[in-house]
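Hi,

Here is the structure I promised to pass on. Have a look at it first, and then read my notes underneath.

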Amino acid sequence: MVRIGRPTGSLLGERCHVPSVVKINVLTVPAEQREVLEQRFASRAGAVESSDGFEWFELLRPVEGTDQYLVYTRWRSEEDFRNWMSGPMQAAHREGGEGGGERPRPAATGSTVWSFEVVQQAAPKQA
């Protein structure tokens with residue numbers, strides 16, 4: 001079964017779909033900071049997974065020709081993403097380092113967020 005967005009009702013009784021929202025955070029990470037970045041994401045202990053409207057997460061490591069990691073998250077709606085950004089995400093980034101000490105130095109030297117709506121998707125056919 002392939003799902004494109006979530007079904008919602010309309011005034012005409014038709015089925016329309018509200019698309020999921022994809023946010024890709026493009027992080028510029030110097031070679032000497034790659035391991036640090038990956039360890040920080042590995043130790044994030046499911047911080048985003050319990051957020052309302054969260055659908056998917058992937059950390060994509062560059063293979064060649066770039067120093068940019070992609071942090072892919074998928075959300076039920078723009079509102080769900082904004083709620084996470086203004087609540088749990090901000091709180092996690094405000095907290096100090098291990099044992100409540102100083103915040104660690106960022107592993108990335110730059111960050112840009114790209115936003116998309118899912119308009120088509122496919123999954124492998126079931127055998």
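Let's start with one residue: Arg 82 is exposed, with a relative accessibility of 54%. Before going further, please keep in mind that this is a predicted model.

What does Arg 82 pair with? Arg 82 makes a salt bridge with Glu 78, and the closest N and O atoms sit 3.1 Å apart. Both residues belong to helix H2, where a spacing of 4 residues puts about one helical turn between them.

Glu 78 has a second partner as well. The side chain of Glu 78 also meets that of Lys 23 in a salt bridge, at 2.9 Å from N to O. Glu 78 is in helix H2 (residues 78-94) while Lys 23 is in strand E3 (residues 21-28), so this pair ties together parts that lie 55 residues apart in sequence. Put together, Lys 23, Glu 78 and Arg 82 are linked in a network of salt bridges.

Buried or exposed: which is Lys 23? Lys 23 counts as buried, because its relative accessibility is 6% and the cut-off for buried is under 20%. Glu 78 comes out as partly exposed at 27%, and Arg 82, as I said, is exposed at 54%.

There's another pair to look up, away from that network. Glu 38 forms a salt bridge with Arg 61, with 2.7 Å between the closest N and O atoms. Here Glu 38 sits in helix H1 (residues 34-42) and Arg 61 in the loop between strand E4 (54-60) and strand E5 (68-75), so the pair ties together parts 23 residues apart in sequence. Glu 38 is partly exposed at 23% relative accessibility, whereas Arg 61 is exposed, with a relative accessible area of 53%.

As background, side chains of opposite charge can pair when their charged atoms come close. A search of the whole structure turns up 6 salt bridges, and those described above are among them.

Now for the overall picture. How many helices and strands does the protein have? There are 2 helices and 6 strands, and from the N terminus on they follow the order β-β-β-α-β-β-α-β. Of the 127 residues in the protein, 25% are buried. As for contacts with a separation of 6 or more, 63% of them involve residues 24 or more positions apart. The protein exposes about 9200 Å², with carbon and sulfur atoms supplying 54% of that area.

Over to you!

Technical notes. Residues are numbered from 1 along each chain as its sequence is written. This is a predicted model: local features need pLDDT of at least 70, side-chain atom pairs count only at pLDDT 80 or more; totals for chains, interfaces and linings use all residues. Side-chain values use heavy atoms; hydrogens and water are left out. Buried means under 20% relative accessible area, exposed over 50%, partly exposed in between (1.4 Å probe, protein chains only). Contact means heavy atoms within 4.5 Å. Accessible areas come from the Shrake-Rupley method with a 1.4 Å probe; for residues, only the protein chains shown count as cover. A salt bridge is a side-chain nitrogen of Lys or Arg within 4 Å of a carboxyl oxygen of Asp or Glu.
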